[in-house]
Amino acid sequence: MNQADFNRVKEVRLSGIRQENQEPRLIAPKVSATWQYGATAAHGIPLGGSLRTVEGLTLDDVKGSHRKITHGRLTVVLAGDINEGEARNLLEKHLGNWER
């Protein structure tokens with residue numbers, strides 16, 4: 001992901017949050033969860049983020065989290081009319097340059 005793509009996706013998310021914040025039926029569950037669990041507890045933070053949390057994100061934050069979450073944890077499951085050799089060739093072709 002490059003900076004321009006990141007900025008576009010971030011602005012789309014911020015726009016969505018702004019729209020959600022205008023809808024009482026969407027505000028109530030967020031306020032309730034924050035009140036019940038606290039503003040710093042995992043269950044008290046909106047899954048889609050808040051204006052404050054999303055505005056603070058950087059591309060480096062996202063890349064760092066992605067590396068941390070996915071590094072060495074990829075599992076590929078294939079099904080269908082394919083044998084092991086064909087599967088290995090396809091994986092090497094499409095994923096072979098990934099850092100291991």
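## A walk around the predicted model

D60 is exposed, with 59% of its area accessible in relative terms. This residue belongs to helix 4, and the model in which we meet it is a predicted one. Although D60 and Q3 are 57 residues apart along the chain, their C-alpha atoms are separated by 9.5 Å. That makes D60 a friendly place to begin a tour that takes in salt bridges, a pocket and a nonpolar patch.

### Salt bridges

The structure holds five salt bridges. As a general point, side chains of opposite charge can pair when their charged atoms come close. Three of the pairs are set out here, with the distance between N and O atoms.

| Salt bridge | N to O distance |
|---|---|
| E20 and K30 | 2.9 Å |
| E84 and R88 | 3.0 Å |
| E23 and R25 | 3.9 Å |

Let us take the pair of K30 and E20 to start with. Their closest N and O atoms are 2.9 Å apart. Which helices does this pair tie together? K30 lies in helix 2 and E20 in helix 1, which spans residues 3-20, so the salt bridge ties together parts that are ten residues apart in sequence. K30 is partly exposed, at 21% relative accessibility. E20 is also in the partly exposed class, with a value of 22%. Since buried means under 20% relative accessible area, the value of 21% for K30 leaves this residue in the partly exposed class. The pair also has company: R13, E20 and K30 are linked in a network of salt bridges.

The pair of E84 and R88 has another setting. How far apart are E84 and R88 in helix 5? They are four residues apart, and therefore separated by about one helical turn. E84 is exposed, with a relative accessible area of 55%, and R88 is exposed as well, at 56%.

Then there is the salt bridge between the side chains of E23 and R25, with 3.9 Å from N to O. Here the two partners fall into separate exposure classes: E23 is partly exposed, at 34% relative accessibility, while R25 is exposed, at 62%.

### The second largest pocket

K30 comes up again here. Which residues line the second largest pocket? The lining is made by K30, T34, A39, T40, G44, I45, P46, S50, R52 and T53. This pocket encloses about 170 Å³ of space. Two helices, helix 2 (24-37) and helix 3 (51-55), each supply at least two residues of the lining. Sorted by class, the lining has five polar, three nonpolar and two charged residues. K30 thus has two roles in this account: this residue lines the second largest pocket and forms a salt bridge with E20.

### A nonpolar patch on the surface

Which residues make the nonpolar surface patch of about 610 Å²? The contributors are L74, V76, L78, I82, L90, L91 and W98. One of them, I82, is placed in the loop between helix 4 (59-70) and helix 5 (84-95). I82 is partly exposed, with a relative accessible area of 32%. Residues need over 30% relative accessible area to count towards a patch, and I82 has 32%.

R73 is found in the loop between helix 4 and helix 5 too. This residue is exposed, at 60% relative accessibility. Measuring from C-alpha to C-alpha in the model, R73 and G85 are 22 Å apart in space and twelve residues apart in sequence.

### Sequence distance and spatial distance

Two further pairs help to place the ends of these elements. M1 sits in the segment before helix 1 and is exposed, with a relative accessible area of 57%. From C-alpha to C-alpha, M1 and R67 are 13 Å apart in space, with their positions 66 residues apart in sequence given as the separation.

T70 is in helix 4 and counts as partly exposed, at 35% relative accessibility. What is the separation of the C-alpha atoms of T70 and G49? They are separated by 21 Å, and the two residues are 21 residues apart along the chain. Helix 4 also holds D60, where the tour began, and D60 has its C-alpha atom 9.5 Å from that of Q3.

How values were computed
Residues are numbered from 1 along each chain as its sequence is written. This is a predicted model: local features need pLDDT of at least 70, side-chain atom pairs count only at pLDDT 80 or more; totals for chains, interfaces and linings use all residues. Side-chain values use heavy atoms; hydrogens and water are left out. Patches are made of residues with over 30% relative accessible area and no salt bridge: like charges are joined within 9 Å, nonpolar side chains (Val, Leu, Ile, Met, Phe, Trp, Tyr) within 5 Å. Accessible areas come from the Shrake-Rupley method with a 1.4 Å probe; for residues, only the protein chains shown count as cover. A salt bridge is a side-chain nitrogen of Lys or Arg within 4 Å of a carboxyl oxygen of Asp or Glu. Buried means under 20% relative accessible area, exposed over 50%, partly exposed in between (1.4 Å probe, protein chains only). On a 1 Å grid over the protein atoms alone, a cavity is a set of points where a 1.4 Å probe fits but cannot get out, and a pocket is an open set with protein on both sides within 12 Å along at least five of seven lines; lining residues have an atom within 4 Å of a point. Grid points are joined across faces, edges and corners, and a volume is the space filled by probe spheres set on the points. Ala, Val, Leu, Ile, Met, Phe, Trp, Tyr, Cys and Pro count as nonpolar, Asp, Glu, Lys and Arg as charged, and the others, Gly among them, as polar.
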